[in-house]
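Hi everyone, thanks for coming. I'd like to walk you through one model today, so let's put it on the screen.

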Amino acid sequence: MTSAAPATTHGAAQDTLDAHERLLIDQAIARHANRPGALLGVLEDVQAANAHKFLSMAALRYIAERTGVPPSTVYGATTFYSLFNLDPQGDNVICVCRGTACHTRGSRTLLEKLCFDLGMSEHESGETKETEKLAITTPDNRFTVRTVACFGQCALAPVVEVNHHILSHVNERTLQREVKALTQGRK
Amino acid sequence: MPSKTISVRIDGELITAQEGQTVLEVARANGRQIPTLCYLKGLSAVGACRVCVVELAGTDRLLPACTTPMQEGMSIVTGSAKLELYRRLAVELLLVERNHVCSSCVSNGHCELQTLAQDLGITHVRYAYNNPRLPVDMSHPRFVLDHNRCILCTRCIRVCAEVEGAHVWEIGGRGIYSRIVSDLKDDWGNAANCTACGKCVQACPTGALAEKGLAVHEMVKQTEKITRLAAQRTSH
């Protein structure tokens with residue numbers, strides 16, 4: 001093994017944690033100490049404490065370091081559960097159901113219309129792209145649009161969840177009204 | 001180690017085995033050929049590839065031989081038209097999922113997936129190819145990770161965690177988006193936990209993990225070394 005050891009520093013591009021964030025993580029770890037399967041609880045608490053409801057790479061690295069769980073396991077668990085976000089979330093989260101029942105009742109057009117109204121260009125219908133399940137946030141950080149496989153409310157299809165409230169039998173107009181209310185409510 | 005002797009049937013033949021042995025171990029010890037892909041002797045078995053499925057008398061379900069413990073009175077069939085069908089199906093779906101282009105692969109001629117496909121007589125696949133756009137990680141000074149060839153058998157993950165103890169690899173994402181990731185999806189060359197031991201490369205059944213600087217056909221894996229290392233570890 002003559003080649004140089006791989007660099008362990010991750011460059012300046014990596015965001016770092018301030019003392020307060022580290023404290024929050026340490027507290028979360030302490031709360032779940034000595035419990036089997038503590039990782040999920042820790043991740044959940046750390047994400048809930050974050051202002052933008054996400055887990056930064058620096059946070060994951062710190063959690064791995066402090067708990068002794070291999071970083072790869074932390075990353076694997078974080079990406080396995082859709083509950084965890086690796087990107088900052090918008091102030092309002094709109095979740096469009098893309099399950100079969102909602103699909104047959106037009107959830108794709110709802111989603112497209114919603115993305116169009118919010119000025120999101122990323123979503124192109126049709127081909128599956130090599131991206132994770134859709135979760136886009138507007139540049140001003142006010143809205144996040146995501147999709148979900150099923151809410152289990154198929155009788156109410158199509159279903160859209162706005163800030164954890166489920167709207168049933170949604171059509172373009174009701175959704176538009178809802179978004180408008182959120183936009184104006186914030187002004 | 002006191003273990004009970006049990007009698008079982010494999011393909012109708014009466015065979016004595018030790019309690020705690022898996023169906024695969026008993027069958028192989030008695031000269032039966034059961035194909036495997038995600039199984040590597042010395043590593044824990046996960047039963048992920050479904051290529052080692054066998055028939056058990058009294059149930060319609062096919063059981064993976066690598067994870068099923070042999071029990072008293074079991075009657076196993078290791079080869080039949082039905083098994084052939086399901087094994088072929090499993091391999092075809094693996095071939096469809098990523099870009100397994102043998103002619104430009106470092107492992108061409110020494111690939112377990114390729115050999116298995118040939119043994120099963122797969123000349124074509126019945127499904128549309130996925131043709132995903134997948135990256136190749138060249139950041140490691142000695143090795144290459146080519147996601148196009150990966151079948152997610154997790155042998156690299158297990159060898160790294162169980163034999164080397166570094167636990168660099170894991171599966172990130174889920175479903176069709178599952179990928180092998182090193183550390184926090186760092187480039188392999190930047191994965192701080194990697195000891196550059198190369199065990200994952202030797203354990204990999206395809207050309208997904210390979211040594212750098214090899215041309216087509218040149219990457220020969222030494223899986224028996226992994227088995228030997230693992231045996232050394234447990235005997236101490």
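Let me start with a question: which residues in α1(A) meet α2(A)? Keep in mind as we look that this is a predicted model. From α1(A), the residues are L24(A), I25(A), A28(A), I29(A) and R31(A). Their partners in α2(A) are V42(A), D45(A), V46(A) and A49(A). Sorted by character, the residues of this contact come out as 7 nonpolar and 2 charged, with no polar ones.

Now the geometry of that pair. Helix α1 of chain A covers residues 19-31, and helix α2 of chain A covers residues 38-49. Their axes come within 9 Å and cross at roughly 145°, and the crossing is right-handed.

Next, please look over at where the two chains meet. Here 20 residues of chain A are in contact with 26 residues of chain B. On the chain A side, α3 (57-67) and α4 (71-80) each supply at least two residues. Which of the helices gives the most? That is α4(A), with 7 residues. The side of chain A that touches chain B divides into 10 nonpolar, 7 polar and 3 charged residues.

Last stop, chain B. Strand β8, residues 169-172, pairs with strand β9, residues 179-182, in the antiparallel sense, over 4 bridges. If you'd like a spot to find on the screen, I171(B) stands opposite I180(B) in β9(B). The hairpin of these strands has 6 residues between them, and there G173(B) takes a positive phi near 75°.

That's my tour. Thanks for listening, and I'm happy to rotate the view for anyone.

Technical notes
Residues numbered from 1 in each chain as written. Chains lettered and ligands numbered in written order. Predicted model: local features only at pLDDT ≥ 70, side-chain atom pairs only at ≥ 80, totals over all residues. Axes fitted to C-alpha atoms, helices over the stretch in contact; angles between N-to-C directions. Left-handed = near helix turned anticlockwise from the far one by under 90°. Contact = placed C-beta atoms within 7 Å. Nonpolar A, V, L, I, M, F, W, Y, C, P; charged D, E, K, R; others polar. Pairing = 2+ DSSP bridges.
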